[in-house]
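Here's a small problem set to work through with the model open beside you. Try each task first, then follow the solution step by step.

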Amino acid sequence: MNPGRVLNPLTARGQLTGAMVQAMGSALSEKLIFSSNGAMRNPTLTDYKIPTARDLPAELKTIFIETPDATGPFGTRGLGEHGAVAIPPAIANALYVALGIDFYELPLTPDAVLRALKKTGIRPTDKGGEKYARVL
């Protein structure tokens, strides 16, 4: 990640970690569900699933490659959504490598993966199915 010049590494790392966790949620579980008349059907955190500490990997590593920005104050650049941009496509690409199936919609829930497997005719019991069973 190129933040320009990092003035406060702890804060910058926290910003990026939060963005990565938020992106994991959008990639794997977060979906707004609406009724036919437009009312939200999952308005609470009981029904709208966001990642918790138990859902996170043991380590989220952030490496800063500083390239001071001549136009930013003190050579800094905004961090914004940098940490969130790559997470959903990385997860979708991992599923492609594991299953040979492209995914174009989020979230990539277990149900969505199972539907895609069924649509392509792949079953966890097919030859080599142990590879797929790990994903499911």
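Let's start with long-range contacts: among contacts in the protein (contact means heavy atoms within 4.5 Å) between residues at least 6 apart in sequence, 61% join residues at least 24 apart. Before the exercises, two housekeeping notes. Residues are numbered from 1 along each chain as its sequence is written, and side-chain values use heavy atoms, with hydrogens and water left out. This is a predicted model, where local features need pLDDT of at least 70, side-chain atom pairs count only at pLDDT 80 or more, and totals for chains, interfaces and linings use all residues.

**Exercise 1. Work out how many helices and strands the protein has, and where the model's confidence is lowest and highest.**

Step 1. Count the elements, taking helices (H or I, at least four residues) and strands (E, at least two) as DSSP runs numbered from the N terminus. You get five helices and zero strands, so to speak an α-α-α-α-α pattern along the sequence.

Step 2. Check pLDDT, the predictor's confidence in each residue, from 0 to 100. The protein averages 86, and 89% of the residues score at least 70.

Step 3. Go element by element. Helix H5 (residues 129–135) has the lowest confidence, at a mean of 49, while H3 has the highest, at 93. Over residues 132–136 the pLDDT drops below 50, and this stretch has 13 contacts in the model beyond near neighbours in sequence. Keep in mind that where pLDDT is low, the predicted coordinates should not be read in detail.

**Exercise 2. Find the largest nonpolar core and say which elements give two or more residues to it.**

Step 1. Fix the terms. A nonpolar core is a set of buried Ala, Val, Leu, Ile, Met, Phe, Trp, Tyr and Cys residues joined through side-chain atoms within 4.5 Å. Buried means under 20% relative accessible area, exposed over 50%, and partly exposed in between (1.4 Å probe, protein chains only). Buried residues make up 29% of the 136 residues here.

Step 2. Collect the members. The largest core has 11 residues, including Leu 95, Leu 99, Ile 101, Phe 103, Ala 116 and Leu 117.

Step 3. Assign them. Helix H3 (87–99) and helix H4 (110–120) each give two or more residues, and H3 has the largest share, with four.

Step 4. Zoom in on one member. Leaving aside neighbours within four places in sequence, Ala 116 is in contact with Ile 101 and Phe 103.

Step 5. Look elsewhere. Another core, of five residues, lies apart from the largest one, and Val 6, Ala 12, Phe 64 and Leu 79 are among its members.

**Exercise 3. Identify the salt bridge and decide whether each partner is buried or partly exposed.**

Step 1. Recall the idea: side chains of opposite charge can pair when their charged atoms come close. The rule asks for a side-chain nitrogen of Lys or Arg within 4 Å of a carboxyl oxygen of Asp or Glu.

Step 2. Apply that rule, and the count comes to one salt bridge. Asp 69 pairs with Arg 77, with 3.4 Å between the closest N and O atoms.

Step 3. Check burial. Asp 69 is buried, at 18% relative accessible area, whereas Arg 77 is partly exposed, at 30%.

**Exercise 4. Which residues make the nonpolar surface patch of about 280 Å²?**

Step 1. Set the criteria. Patches are made of residues with over 30% relative accessible area and no salt bridge; like charges are joined within 9 Å, nonpolar side chains (Val, Leu, Ile, Met, Phe, Trp, Tyr) within 5 Å.

Step 2. Name the members: Leu 32, Phe 34 and Met 40.

Step 3. Place two of them. Leu 32 sits in the loop between helix H1 (9–28) and helix H2 (82–85), and Met 40 is in the loop between H1 and H2 too. Leu 32 is partly exposed, at 44%, and Met 40 is partly exposed, at 37%.

Step 4. List contacts. Not counting residues up to four places away in sequence, Met 40 touches Leu 32, Ile 33 and Phe 34.

**Exercise 5. Spot the backbone oddities at Pro 107 and Phe 74.**Step 1. Check omega: the peptide bond from Leu 106 to Pro 107 is cis, with omega near 5 degrees. Pro 107 is in the loop between H3 and H4.

Step 2. Check phi: Phe 74 isn't a glycine, yet its phi is positive, near 60 degrees. Phe 74 lies in the loop between H1 and H2 and is exposed, at 65% relative accessible area.

Note on methods
Areas by Shrake-Rupley, 256 points an atom, 1.4 Å probe, with all protein chains shown as cover.
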